[in-house]
Structure formats: structure tokens, C-alpha cells
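Here's a quick report on how some strands and helices are arranged in one model. Have a look at the fold first, then read on.

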Amino acid sequence: MANSGNGEGRPALRQAIHVGIIGGGQLGRMLGLAGIPLGIRFRILEPKENAPASAIGEHIRGDYDDPEALDRFAEGLDAVTYEFENVPVESARRLAGQVPVFPPPAALEMAQDRLVEKETFESIGIETAPWRQVDSREDLARALEVLGTPAILKTRRFGYDGKGQERIDDGPSADAAWERLGGVPLILEGFVDFHRELSGIAVRDRSGQIRHYPLAENLHRDGILRESRAPAPGILPERAREARTKVERLLEYLDYVGVVAVEFFETADGLIANEMAPRVHNSGHWSQDGGGVSQFENHIRAILGLPLGDPAPNGWAGMVNLIGGFPRRREALGVSGARLHLYDKSPRPGRKIGHINVRRGSLEELEKGMAQISELAHDAGEG
Ligand code: AMP
């Protein structure tokens with residue numbers, strides 16, 4: 001008799017959908033936590049043992065560019081997604097020959113190279129900081145003549161959390177920046193005089209429907225996101241419209257499916273796009289507890305062709321990252337409206353190990369909650 005599902009192994013879930021996630025970090029973990037209640041089973045591809053996402057399903061241990069591991073990973077999946085943007089494009093393309101891969105590999109390719117990203121933004125009318133390609137010390141000197149100082153020298157690829165970039169204020173700092181970064185493809189960006197950083201997160205489904213999360217206001221320190229608030233306090237309706245229009249243009253240009261995040265600088269004259277992430281984003285974590293459908297659940301819904309949910313928060317939502325250390329759990333949970341999210345990572349200086357969300361009925365109340373949780377986060381981390 002056929003196995004009725006009561007024997008060894010995991011019984012076949014009726015209607016189970018199988019999603020593969022490339023990458024085993026906290027974003028994969030939270031995608032899984034959002035998809036499991038929908039009856040979805042997850043498989044992750046991740047070379048490291050005991051990754052944060054190991055907890056959410058089957059873990060295939062293998063390198064992201066190992067064809068044998070990729071084939072094992074893909075078998076029987078209904079869709080594949082990824083949770084970090086440095087997934088080898090070749091691997092995404094190989095998988096796309098076997099199973100739908102969303103967001104499309106072309107989005108991944110664009111997001112991996114700041115130069116291609118900026119060219120794409122410009123070609124579809126999304127304004128960026130002025131920039132020049134830099135492949136030699138002479139290129140850098142010429143670029144500085146055109147763009148002036150301050151300016152920021154950035155690696156085209158593999159930069160994150162402020163790594164792979166150096167601010168240049170004068171001749172000696174140009175030498176120092178070149179010393180540190182030279183040898184790989186770079187770009188120099190003119191310094192944008194912004195008053196705050198915002199992110200536009202949106203989701204597009206397989207039929208082209210788009211839903212927008214409200215713009216979030218983001219605070220960084222030492223290049224790492226510390227806090228987000230949504231909706232961005234005091235945002236002008238025309239700024240919010242501008243962001244939506246730009247994000248929509250990008251989604252349509254890429255025939256995108258899934259959640260995207262575009263980071264903007266807000267200036268007196270409008271929004272300047274800094275970069276995009278073809279995935280769920282740290283500045284959207286508030287949505288887990290904001291009262292609408294979270295970025296994680298909507299990403300899963302989008303890639304599977306399921307109807308999207310309403311992303312709007314109920315009231316005001318905020319998030320504080322836990323960096324470098326754990327807060328006292330009892331105190332964190334004692335803050336009214338606060339929800340604790342830990343990633344099962346061991347603390348190291350500068351490492352994100354979790355976050356706390358808070359939601360309140362008014363901005364004034366949100367600020368009180370944010371002050372309480374950022375103090376806990378501050379005490380826990382390296383400050
Ligand atoms: P990124 O790695 O591009 O996200 O940059 C990290 C942080 O550096 C940003 O969040 C900004 O605070 C700052 N930054 C990056 N590019 C510029 C720029 N062109 N002008 C001013 N600040 C910048």
C-alpha cells in the first residue's frame with residue numbers, strides 16, 4: 001500500500017508548495033517564517049552549517065555556484081528566490097532553466113554593479129548622484145576635477161553596510177582612498193547634500209499588480225542601518241508620489257516579480273536614488289508587526305502568483321536593529337507594542353543579530369517607544 005503519510009519522513013502536505021531560497025541569512029529565515037503559515041515548505045541553499053535560515057526547512061549545504069548542488073536544490077521546487085544580492089547571476093540563470101526564479105536574474109545582475117545600476121536608473125528617468133567610472137589613479141584625478149569634493153569612492157561590486165567605500169575631502173584623502181580601494185572597478189560619486197534617507201519598498205506580482213509600502217525614514221550610523229520609521233514622518237505627498245512613480249518605473253522596466261527596495265536621499269529638490277536591493281530589505285522589517293501584510297509574506301505571495309496583501313501599517317511603525325549584542329529579553333518584551341526578532345546569530349561587533357519592532361497609534365507615541373527600544377539596543381550592542 002502506498003505510504004499514507006503516517007510513516008517515516010514528513011507526510012506530504014496536501015497542496016504544499018515548495019519554495020527554494022538561495023542564501024541562509026536572516027532574510028531567508030524571515031521569508032520562511034512568513035510563508036510557513038501559508039502551507040509553504042522551504043528549502044535553502046547555503047554553504048554554512050547552522051545558518052539563521054536552517055531553522056525554516058530543508059538545508060542543502062553547497063556552494064552557490066556548484067552545479068551539482070544547484071540541481072539538487074532545484075528538484076521539485078515550485079519557485080526559487082534569493083535573499084542576498086551577490087548570488088552568482090550564472091547560478092540564477094541555470095536555475096531559471098528548471099524552475100521559475102524571481103526576482104528575475106536581470107534584476108540581480110543590475111543590482112550587483114553600481115555602474116550598471118546607475119546607468120539603468122538614468123535611462124528610465126530616476127535621478128542619481130553625479131558619478132564617474134574609475135579604473136585608475138588618473139581616472140580618479142579626472143573624476144575629482146569634474147565632481148569636486150567631498151566625493152565618495154565606491155567599489156562597483158560587493159559593497160554593503162558602508163563597506164567598500166571611502167569619503168574623499170582633499171588630495172591626501174584621495175590618495176588614502178585609492179590606496180584602500182584601488183585595483184578593482186570603482187566609481188566616484190559626487191556628494192549628495194541630503195537631509196534624510198528614505199526607502200521605497202514595493203512588491204509586484206506575476207500579473208504586474210504593484211503594491212507600495214509607505215516610504216520609510218532610515219537612520220544609519222557607521223554605514224549600518226540603525227532605525228526605520230514608517231510612514232516617514234512629515235513626508236510631503238508629492239515626495240511620496242515621486243518615490244512611487246520611480247519605483248514603479250523600475251519594476252516595470254525589469255518586469256520584476258517580488259519585493260524591491262530603492263534607497264533614496266531626500267534633498268530640497270526631490271529624491272536622488274542611491275541604490276536598489278532586489279529582495280526584501282532591512283528598512284521594511286517594521287512591516288512584520290505594522291498591522292498589514294509584511295514584505296516577507298508579500299514577496300512569497302508575489303513569486304507564487306498568489307494575490308498580494310495590503311501593506312499599509314495600522315498606525316505608526318518603527319524598527320531598531322540589534323547590532324553586536326543581545327538586549328535583555330524581559331525588558332525588550334516589556335515595552336508596549338514591541339516585538340522581538342532574533343536571527344540565531346552569535347554577536348560580534350558590527351553584526352546584525354536581530355531587531356525590535358514597535359507599533360503605536362500616533363507618531364508621538366511611536367517616538368516614545370523608539371526611544372525605549374533604542375536604549376535597550378544601545379546598551380546591548382557596542383553603542
Ligand atoms: P551605500 O553603500 O551606497 O548605501 O552608502 C552607505 C551610506 O553612505 C549611505 O546610506 C549614505 O549615508 C552615505 N552615502 C553614500 N553615497 C553617498 C553620496 N553620493 N552622497 C552622500 N552620502 C552618501
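What follows covers one sheet, a helix lying across it, and a pair of packed helices.

Keep in mind that this is a predicted model. Let's start with the sheet: four strands make an open sheet with parallel pairing, in the order β3-β2-β1-β4. Since β3 and β4 are the edge strands and have a single partner strand each, one side of each is left without a neighbour in the sheet. On average, neighbouring strands here are turned by 25° against each other, direction ignored.

Here are the residue ranges of the four strands:

| Strand | Residues |
|---|---|
| β3 | residues 57-60 |
| β2 | residues 40-45 |
| β1 | residues 17-22 |
| β4 | residues 79-82 |

How many bridges join β1 and β4? Four, and the two strands pair in the parallel sense. Zooming in, I21 has T81 in β4 as its bridge partner. As a general reminder, strands of a sheet pair through backbone hydrogen bonds, either parallel or antiparallel.

Now the helix on the sheet. Helix α2, residues 67-74, lies across β1, β2, β3 and β4, and runs at about 175° to β2.

Then there's the helix pair. Helix α1 (residues 26-35) packs against helix α9 (residues 295-303) at an angle of about 75°, and their axes are 8 Å apart. The two helices are therefore roughly perpendicular to each other. On the α1 side, the contact is made by L27, M30, L31 and A34, while α9 brings in F296, E297, H299 and I300. Sorted by class, that contact has six nonpolar residues, one polar and one charged.

Note on methods
Residues numbered from 1 in each chain as written. Predicted model: local features only at pLDDT ≥ 70, side-chain atom pairs only at ≥ 80, totals over all residues. Heavy atoms only, no water. Pairing = 2+ DSSP bridges. Axes fitted to C-alpha atoms, helices over the stretch in contact; angles between N-to-C directions. Contact = heavy atoms within 4.5 Å. Parallel < 35°, antiparallel > 145°, perpendicular 65-115°, else oblique. Nonpolar A, V, L, I, M, F, W, Y, C, P; charged D, E, K, R; others polar.
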